Amino acid sequence: MHHTDQFTEIASFTIKRRSCLNPNGELLTERDVQPDMPRWIAIYKGMLLTRLFEQKAVRLQRTGRLGIFATAFGQEAITVTLGHTMEKEDLLCPYYRDTGALLQRGVTMDELLLYWGGDERGSLFHNDSDDFPIAIMVASQCLHAAGVAKAFQLRRQQRAVIASCGDGATSRGDFYEALNLAGVWQLPLVFVINNNQWAISVPLEQQTAARTLAQKALAAEVSCEQVDGNDCMAIYYAIREALDKARNNGGPTLIEALTYRVHEHSTADSPEYYRNDEQQRVAKRALTLDPVRRLSRFLRSQRQWNDCLENQWLRTCRIFIEKAVTRYLSVSADTPESIFRYNYASWPEVLVAQVAELNDDDQSNA
């Protein structure tokens with residue numbers, strides 16, 4: 001007797017990709033963006049400020065006045081729009097490429113320089129928010145975000161959390177565990193993935209066999225979409241809708257923002273050692289998708305921006321940055337025991353002994 005297997009489709013999925021502006025700065029949507037013109041100008045100014053600040057930070061690192069730095073060059077649309085779109089009551093769990101978001105959230109440039117200069121006082125943001133400090137450990141902030149989102153849910157607070165991370169983080173266990181919890185508990189949590197297609201020296205195709213990073217949310221029953229990561233309008237609408245949904249008990253969302261890392265991962269590496277000739281050509285072509293140039297073209301086409309306004313804003317940015325650098329360079333070095341200060345509410349005995357020994361050595365070397 002022959003048996004014939006019977007298969008029934010029990011689930012099927014589609015990954016949608018959102019775009020609003022093409023690389024020439026022309027609208028692809030029927031949305032009326034005119035009422036939001038001040039918003040697009042604010043985001044554009046935020047991207048310019050972030051780019052200039054990061055260029056200065058790299059120069060400080062190259063001259064030995066900063067420990068290390070990771071820029072978001074060419075990826076400013078993601079980080080700036082993310083910070084711009086959040087409400088003050090929301091909470092951000094950022095990663096190391098979120099300078100633009102943190103500036104939008106009110107973190108000062110000198111705080112950021114202190115952080116990258118190796119001074120933990122740079123993590124003590126004075127922006128009157130509950131935002132977490134920058135996470136260097138890849139994907140660790142995703143679990144922190146899930147915990148905070150659960151707390152908001154238990155307290156019945158109408159607040160949302162954003163966990164921001166790169167594509168490399170989506171290969172980590174912490175990411176999958178946080179995503180699973182977000183789906184099971186329907187947390188007010190939004191994952192924003194900066195898919196710049198490189199995890200330090202490892203290209204995306206060697207990180208995952210998945211065709212999109214958005215689809216990783218499907219197994220956790222989390223809403224997901226892919227957006228053009230160089231298109232600030234697409235990013236803004238996607239994040240705004242996800243945050244509104246999260247605050248109103250609609251559950252979590254994962255947003256994959258697709259872009260490209262044109263430069264090095266950080267000031268500690270050089271892509272010429274790990275990118276082949278074709279990958280170098282792809283990086284050069286990615287420059288033509290620059291989000292700053294794209295939004296500039298749109299604003300100028302709408303007669304909302306011109307060279308005079310651009311030069312005025314660039315001068316203002318440079319003044320802001322130079323004042324912040326002066327403040328940063330004038331800060332006295334912290335005490336050696338600061339390396340222990342933020343680990344525990346009260347030190348265990350073993351650390352008390354180590355701190356005493358460190359202080360004794362410091363005094364004897366004085």
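In this predicted model, helix α8 gives the most to the lining of the largest pocket, contributing 3 residues. The pocket itself holds about 250 Å³ of space. Its lining is made up of 21 residues, and those that lie nearest its centre are Asn230, Leu258, Thr259, Tyr260 and Leu289. Sorted by class, the lining has 10 nonpolar, 6 polar and 5 charged residues.

Helix α8 covers residues 277-286, and glutamine 279 is found within it. Is glutamine 279 buried or exposed? Its relative accessible area is 16%, and buried means under 20%, so glutamine 279 counts as buried. Leaving out residues up to four places away in sequence, glutamine 279 touches Trp198, Pro203, Glu205, Tyr260 and Tyr274. One of these contacts, Tyr260, has already appeared among the residues nearest the centre of the largest pocket.

Attention now turns to the sheet. In what order do its 6 strands lie? Reading across the open sheet, the order is β1-β7-β8-β4-β3-β2, and the pairing is parallel. The edges are formed by β1 (17-18) and β2 (91-93), each of which pairs on one side only.

Starting from the β1 edge, this strand and β7 (residues 223-228) pair in the parallel sense over 2 bridges. Here arginine 17 has glutamine 226 of β7 as its bridge partner. Strand β7 also pairs with β8, again in the parallel sense, this time over 6 bridges. Within β8, isoleucine 255 stands opposite glutamate 225. With 5 of its 6 residues buried, β7 is therefore largely enclosed by the rest of the structure.

Further along the sheet, β3 and β4 run parallel and are joined by 6 bridges. Valine 161 has its bridge partner, leucine 189, in β4. How many of the 7 residues of β4 are buried? The count is 7 of 7, and the strand is described as mostly covered. The cover extends to both faces: Leu189, Phe191, Ile193 and Asn195 are buried on one side, while Val190, Val192 and Asn194 are buried on the other.

Two helices can be placed against these strands. Helix α5 (residues 140-154) lies across β2, β3 (161-166) and β4 (189-195), and runs at about 170° to β3. Helix α6 (residues 173-185) lies across β4 and β8 (253-258), with an angle of about 145° to β4. Strand β4 thus appears in the descriptions of both helices, α5 and α6.

The loops bring further detail. Serine 19 lies in the loop between β1 and α1 (37-62). At 31% relative accessibility, serine 19 counts as partly exposed. Setting aside neighbours within four places in sequence, serine 19 is in contact with Leu28, Asp228, Asp231 and Ala234. The C-alpha atoms of serine 19 and leucine 213 are separated by 17 Å, with these positions 194 residues apart along the chain.

Alanine 217 belongs to another loop, the one between β6 (202-203) and β7. Its relative accessible area is 0%, so alanine 217 is buried. What does alanine 217 touch, not counting residues up to four places away in sequence? The contacts are Leu179, Val222, Ser223, Cys224 and Leu254. Alanine 217 and leucine 21 are 196 residues apart in sequence, and their C-alpha atoms are 26 Å apart in space.

Two more loop residues deserve a look for their backbone angles. Most residues other than glycine have a negative phi. Aspartate 128, in the loop between α4 (109-116) and α5, has instead a positive phi near 55°. Asparagine 249, in the loop between α7 (232-247) and β8, likewise has a positive phi, of about 60°, although it is not a glycine.

Are aspartate 128 and asparagine 249 buried or exposed? The cut-off for exposed is over 50% relative accessible area. Aspartate 128 has a value of 62%, so this residue is exposed. Asparagine 249, at 75% relative accessibility, therefore counts as exposed too.

Terms used: Residues numbered from 1 in each chain as written. Predicted model: local features only at pLDDT ≥ 70, side-chain atom pairs only at ≥ 80, totals over all residues. Heavy atoms only, no water. Helix = DSSP H or I, 4+ residues; strand = E, 2+ residues; numbered from the N terminus. Buried < 20%, exposed > 50% of the residue type's maximum accessible area, 1.4 Å probe, protein only. Contact = heavy atoms within 4.5 Å. 1 Å grid on protein atoms, 1.4 Å probe; cavity = no way out; pocket = protein on both sides within 12 Å on 5 of 7 lines; lining within 4 Å. Points joined across faces, edges and corners; volume = space filled by probe spheres on them. Nonpolar A, V, L, I, M, F, W, Y, C, P; charged D, E, K, R; others polar. Pairing = 2+ DSSP bridges. Axes fitted to C-alpha atoms, helices over the stretch in contact; angles between N-to-C directions.
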